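Please open the model in your viewer, show the side chains as sticks, and keep the sequence panel at hand. The tour below moves from one selection to the next and says what is to be found at each stop.

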Amino acid sequence: MNNFTKALAKLPSGIRGLDEITGGGLPKGRASLVCGGAGSGKTLFALTYLVEGALKYGEPGVFMCFEENEEELAANIASLGYDLDSLIASKKLSVDYVHVERSEIEETGEYDLEGLFVRLDYAIKSVGAKRVGLDTLEALFGGLSNAGVLRAELRRLFRWLKDQGVTSIITAERGEGALTRHGLEEYVSDCVIMLDQRVAEQVATRRLRVVKYRGAAHGTNEYPFLIDSDGISVLPVTSIELAHEVSKERISTGVAGLDEMLGGKGFWRGSSILVSGMAGTGKSTMAAHFVDGACRRGEKAVYFAFEESPHQIVRNMRSVGLDLQQWVDAGLLRFSASRPTFWGLEMHLARMHKEVEQFNPAVVVVDPIYNLSAVGSANEVRLMLLRLIDHLKSRQVSAMFTAIDADNLKDVEHAGVSSLMDSWLLVQTIEGNGERNRGLYVIKARGIAHSNHIREFLLSDQGVQLRDVCLGEGEVLTGSARAAQEARENEMEVERQLALAAKQREAERKRSVIEAQIAALQAELEAQSKEAELFAARQRASSDAAVMARKEIASMRGRGK
């Protein structure tokens, strides 16, 4: 079990994205072959592996080159921000230029690489190297045509490097109908990486593929890679697995009425949102409110613009009451604007990755995405956006994308992109009574209870204002139709109030009449009650008098007896 684990040990390459594809890096203690055509980036690839190893992982390296000398290499790699001379001076890197004249190579059975091994051994020991780069094999074997000698010496070279315990990258030119010119190197290598540069529609694209990796699973697709001022970076299509953490926090959309449509709390943090609609429906304004809301919370935001310059966006948003310049000045908002046709999709993606990693925003806007179709097919745009969304989700960045809703672009924005989104808002124009008005509704909002109403929204100097739903004969009313409906409703309300007042006055009159009748009856009742009481008193008095009279008569009779 231990031997198996040791056989699969990997060494981090230091090249961004490559370790994710290979599941940890290059095979440790083994030789890897990097092949490709002229200008594909083989030399810079090997140098980046060595320099990053020395800088990031404290592992010294040796670079033996057969075509460029130390000065030329230092000038070339300086474009990536690396100081080769300082690394050499601090003994973190050893560079050995070996001049090989192919015309002087004689094909004899005694041809070997002993001289190369001696120089390599000395260089490795001088800096305690853990990493080795050889560039390129063609310079060594270009004059040989004896396949037997070539194969034997290649095996000796790869075996010798393994015996030294170093992890090596060897570059080779790509051949016709084979990965390499000789068609042998790939068979003796433990790992083979192919670099390719293509030009389509006048846009150059670099791609990388791990052709072979003994003893380990790896990504087998083609992956775009870039060479810019920050070095080499490989852009996987997506993460190896869907294992992003999710947030339970909700963030405001920047529009109070839209928050209400989303349960009063807005979007999930880290979600992806699509805002689609025809031109002029307010998509960019919705996006501007989104970043404005983030900045008001004290969060950073990046606005990627493909149609307007930052100054134009800032000026236009002032007309709807948004002052985005204040957030730029405060260091909370950064604009990144470019024409889609200036770079290929991979370069755009790399720029976005770079901005996100450097600025560390909480919110990102891409406005609009349909322009990217000018430099890629629908599937390529979708894959590019998939990679971007995947990267943003891994960092819990909330992203809003705007897209035009046009028949000739639905394959790019809707069929291909909408499925990637957690929420989808549709802004549309509602035509009627000779005018166009704006409406908004939520097509989907994963994990959020949301309104199913179409809400009219206005663009005013107070920003986006969503109005309550107004229905008339089964349809949503907007603009003058809504105003007319509201006027009719107001008139009906006035009539209702007048009718109600008349009813109330009639009721008051009847109440007064009835109360007067009640008062008269009460007075009559009281009079009758008093008369009855007087009659009863008289009756009691008369009865008492009769009793007294009888008693008197009885008393007189008793005295006469």
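Begin by selecting Lys393 and Asp422, whose side chains meet in a salt bridge with 2.6 Å between N and O. The model is a predicted one, so every distance on this tour is a computed value of that prediction. The pair ties together distant parts of the chain, since Lys393 sits in helix α15 (residues 378–394) while Asp422 sits in the loop between α16 (410–415) and β19 (423–432), 29 residues away. Is Asp422 buried or exposed? With a relative accessible area of 15%, Asp422 counts as buried, because the cut-off for that word is under 20%.

**Two further salt bridges**

Next, select Arg30 and Asp190, where a salt bridge joins the two side chains at 3.5 Å from N to O. Here again distant parts of the chain are linked, with Arg30 in the loop between β2 (26–27) and β3 (31–36) and Asp190 in the loop between α9 (185–188) and β8 (191–200), the two being 160 residues apart. Asp190 is buried, its relative accessible area being 3%. Add Lys162 and Arg214 to the selection, and you have the four residues that salt bridges with shared partners join into one network, namely Arg30, Lys162, Asp190 and Arg214.

Now move to Glu299 and Arg269, which form a salt bridge whose closest N and O atoms lie 2.6 Å apart. Glu299 belongs to the loop between α11 (283–296) and β15 (301–305), and Arg269 to the loop between β13 (267–268) and β14 (272–277), so that the bridge links distant parts of the chain, 30 residues apart. Both Glu299 and Arg269 are buried. How many salt bridges does a search of the whole structure find? The search finds 18 of them.

**Backbone stops**

Turn the backbone on and select Asp135 and Thr136, which are joined by a cis peptide bond with omega at about -5°. Thr136 lies in the loop between β6 (131–135) and α7 (137–141). Another cis peptide bond runs from Asp367 to Pro368, where omega is near -15°, and Pro368 is placed in the loop between β17 (363–367) and α15.

Then select Lys91, which has a positive phi of about 60° although it is not a glycine. Lys91 is found in the loop between α5 (84–89) and β5 (93–97), and with a relative accessibility of 54% it counts as exposed. Gln396 is likewise a residue other than glycine with a positive phi of about 60°; look for Gln396 in the loop between α15 and β18 (398–404), where it is partly exposed at a relative accessible area of 25%.

**A helix and a strand**

Select residues 42–56 to highlight helix α3, and place a distance marker between its end C-alpha atoms, which are 21 Å apart. That figure agrees with expectation, because 15 residues at 1.5 Å a residue should span 21 Å. The helix is mostly covered, as 13 of its 15 residues are buried. Just after α3 you come to Gly58, which takes a positive phi of about 65°.

A little further along the sequence panel, select Gly61, which lies in strand β4 (residues 61–65) and is buried, with a relative accessible area of 0%. Select Val166 together with Gly61, and the C-alpha atoms of the two turn out to be 9.1 Å apart in space, although 105 residues separate them in sequence.

**Surface patches**

Finally, switch to a surface view and select Glu71, Glu72, Asp83 and Asp85, which form a negative surface patch. Of these, Asp85 can be followed into helix α5, where its relative accessibility of 52% makes it count as exposed.

The last selection is Val513, Ile514 and Ile518, which make a nonpolar surface patch of about 240 Å². Ile518 is found in helix α17 (residues 479–560), and at 40% relative accessibility Ile518 counts as partly exposed. When picking residues along a helix, it helps to recall that an α-helix has 3.6 residues a turn, so residues three or four places apart point the same way.

Notes. Residues numbered from 1 in each chain as written. Predicted model: local features only at pLDDT ≥ 70, side-chain atom pairs only at ≥ 80, totals over all residues. Heavy atoms only, no water. Helix = DSSP H or I, 4+ residues; strand = E, 2+ residues; numbered from the N terminus. Buried < 20%, exposed > 50% of the residue type's maximum accessible area, 1.4 Å probe, protein only. Patch = residues over 30% accessible without salt bridge, like charges linked within 9 Å, V, L, I, M, F, W, Y side chains within 5 Å. Areas by Shrake-Rupley, 256 points an atom, 1.4 Å probe, with all protein chains shown as cover. Lys, Arg positive; Asp, Glu negative; His and termini not counted. Charge placed at Lys NZ, Arg CZ, Asp CG, Glu CD. Expected span 1.5 Å × (residues − 1).
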